[in-house]
Amino acid sequence: MKAESKKIVDEYNYGPLYTPPGVVGTPKGKKGTIYLPGTNGGADWGGAAFDPETGILYVPSTHMPDIIGLVHSEHPESNMPWVKRAWPKMLGPQGLPDPFKPPYAKLTAIDLNKGEILWAVANGDGLKNHPAFKGLSLPAIGTPGRNAAIVTKSLVFMGEGSDTGVGVPAGFGGKMFRAFDKKTGRIVWEMALPAGVSNSPMTYMVNGKQYILVAVSGRQFPGELVALALP
């Protein structure tokens, strides 16, 4: 698996932070430059959930590497000498989400009072039952998707992301919605929704009952709002 992943990565240019894109097809530019976590990955889209009582920030993040390379424009009216080449999402060997080490998605708690990471946990089982991992007893390796979280008095709620949207390849995202203990990251509750969560959750109270509201949608599901009553 490691050799297969390295073979994929070596087809591209890569380096430290701020490595620029190269010219596609040249020895240095190869097939383009790898950007990890990518323009749709990391914590770019979902943002974070902040707990003002404790000063702790809860950050969802995910792998979604991009490939960026420079080519001559083929548009007859273009006056740009170089343009970015459109490139499909970078996938890993044997159908894995990417060739890099999991977890592919996680939730991280950061104590802003001390500037320290309190804990980080994988979000979702991911493909830990993939044939490539046969014989290995793996923990959750994360389900990649564009996620957002909300923090309450004692819990952090987050889904696995939708499998549709800008920059989201088919097969990403998942239907599970979870409550994490905000002190430890332990999963205290989870359920499958009709499709993946496609927005940031919100919460409200009615007659002394607290609800979590999320929008869900997917490639095989038109979308709806789901309200979950907290015990």
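Q: What makes Phe-157, Phe-177 and Trp-189 one aromatic cluster?
A: In this predicted model, the three rings are joined through two pairs. Phe-157 pairs with Phe-177 at 6.1 Å centre to centre, and the ring centres of Phe-177 and Trp-189 lie 6.4 Å apart. Rings pair if their centres lie within 6.5 Å, and Phe-157, Phe-177 and Trp-189 therefore form one cluster. By this rule the model holds 4 aromatic pairs.

Q: Why is the pair of Phe-157 and Phe-177 called stacked?
A: The planes of Phe-157 and Phe-177 stand at 20° to each other. Planes under 30 degrees apart count as stacked, so the term applies to this pair. Phe-157 lies in strand E10 (residues 155–159) and Phe-177 in strand E11 (residues 176–181), so the pair ties together parts that are 20 residues apart in sequence.

Q: Why is the pair of Phe-177 and Trp-189 called edge-to-face?
A: The planes of Phe-177 and Trp-189 meet at 80°. Angles over 60 degrees count as edge-to-face, so this pair earns that name. The pair links distant parts of the chain, with Phe-177 in strand E11 and Trp-189 in strand E12 (residues 187–192), 12 residues apart.

Q: How do you know whether Phe-157, Phe-177 and Trp-189 are buried, exposed or partly exposed?
A: Buried means under 20% relative accessible area, and exposed means over 50%. Phe-157 has a value of 2% and therefore counts as buried. Phe-177, at 0%, is buried as well. Trp-189 has a value of 33%, which falls between the two limits, so this residue is partly exposed.

Q: What surrounds Phe-177, leaving aside its neighbours within four places in sequence?
A: The contacts of Phe-177 include Met-158, Glu-190, Leu-193, Val-197, Ile-212, Val-214 and Leu-228. Phe-177 is also among the residues with the most contacts inside the largest nonpolar core, which has 13 residues. Others named in that group are Phe-157, Leu-193, Ile-212, Val-214 and Val-216. E11, strand E14 (209–218) and strand E15 (221–229) each supply at least two residues of this core, and the largest share, 3 residues, comes from E14. Apart from it lies another core, of 12 residues, among them Tyr-58, Ala-109, Ala-149 and Phe-180.

Q: How do you know that E11 and E12 are paired strands?
A: Two strands pair if at least two bridges are found between them. E11 and E12 are joined by 5 bridges, so they meet this condition, and they run antiparallel. Within this pairing, Arg-178 has Glu-190 in E12 as its bridge partner.

Q: What makes E9 and E12 the edges of their sheet?
A: The open sheet has 4 strands in the order E9-E10-E11-E12, with antiparallel pairing. Strand E9 (149–151) and E12 each have a single partner strand, so one side of each is left without a neighbour in the sheet. Neighbouring strands of this sheet are turned by 15° against each other on average, direction ignored.

Q: Why is strand E7 described as largely enclosed by the rest of the structure?
A: Of the 7 residues of strand E7 (residues 105–111), 5 are buried, so the description fits. E7 is joined to E3 by 7 bridges and to strand E8 (residues 116–122) by 6 bridges, and both pairings are antiparallel. Leu-107 of E7 stands opposite Pro-60, while in E8 its bridge partner is Val-121. E7 and E8 form a hairpin with 4 residues between them, and Gly-115 in the turn has a positive phi of about 70°.

Q: How do you know that the side chain of Thr-62 comes within polar-contact range of Tyr-104 and Gly-145?
A: A polar contact requires N or O atoms within 3.5 Å. A polar atom of the Thr-62 side chain lies 3.1 Å from the backbone oxygen of Tyr-104, and the side chain reaches the backbone nitrogen of Gly-145 at 3.2 Å. Both distances therefore fall inside the limit. Thr-62 is found in strand E3 (residues 56–62) and has a relative accessible area of 5%, so it is buried.

Q: Why is Thr-33 called buried?
A: Its relative accessibility is 0%, so Thr-33 lies under the 20% limit. Thr-33 is placed in strand E1 (residues 33–35), and its side chain makes a polar contact with the side chain of Asn-13 at 3.1 Å. Leaving aside neighbours within four places in sequence, the contacts of Thr-33 also include Thr-19, Pro-20, Asp-66 and Ile-68.

Key: Residues are numbered from 1 along each chain as its sequence is written. Side-chain values use heavy atoms; hydrogens and water are left out. Buried means under 20% relative accessible area, exposed over 50%, partly exposed in between (1.4 Å probe, protein chains only). A polar contact is a pair of N or O atoms within 3.5 Å; within protein, one must be able to donate a hydrogen and the other to accept it, and residues adjacent in sequence count only if both atoms are side-chain atoms. Rings of Phe, Tyr and Trp (its six-membered ring) pair if their centres lie within 6.5 Å; planes under 30 degrees apart count as stacked, over 60 as edge-to-face and the rest as tilted. A nonpolar core is a set of buried Ala, Val, Leu, Ile, Met, Phe, Trp, Tyr and Cys residues joined through side-chain atoms within 4.5 Å. Contact means heavy atoms within 4.5 Å. Axes are lines fitted to C-alpha atoms, for helices over the stretch in contact, and angles run from 0 to 180 degrees between N-to-C directions.
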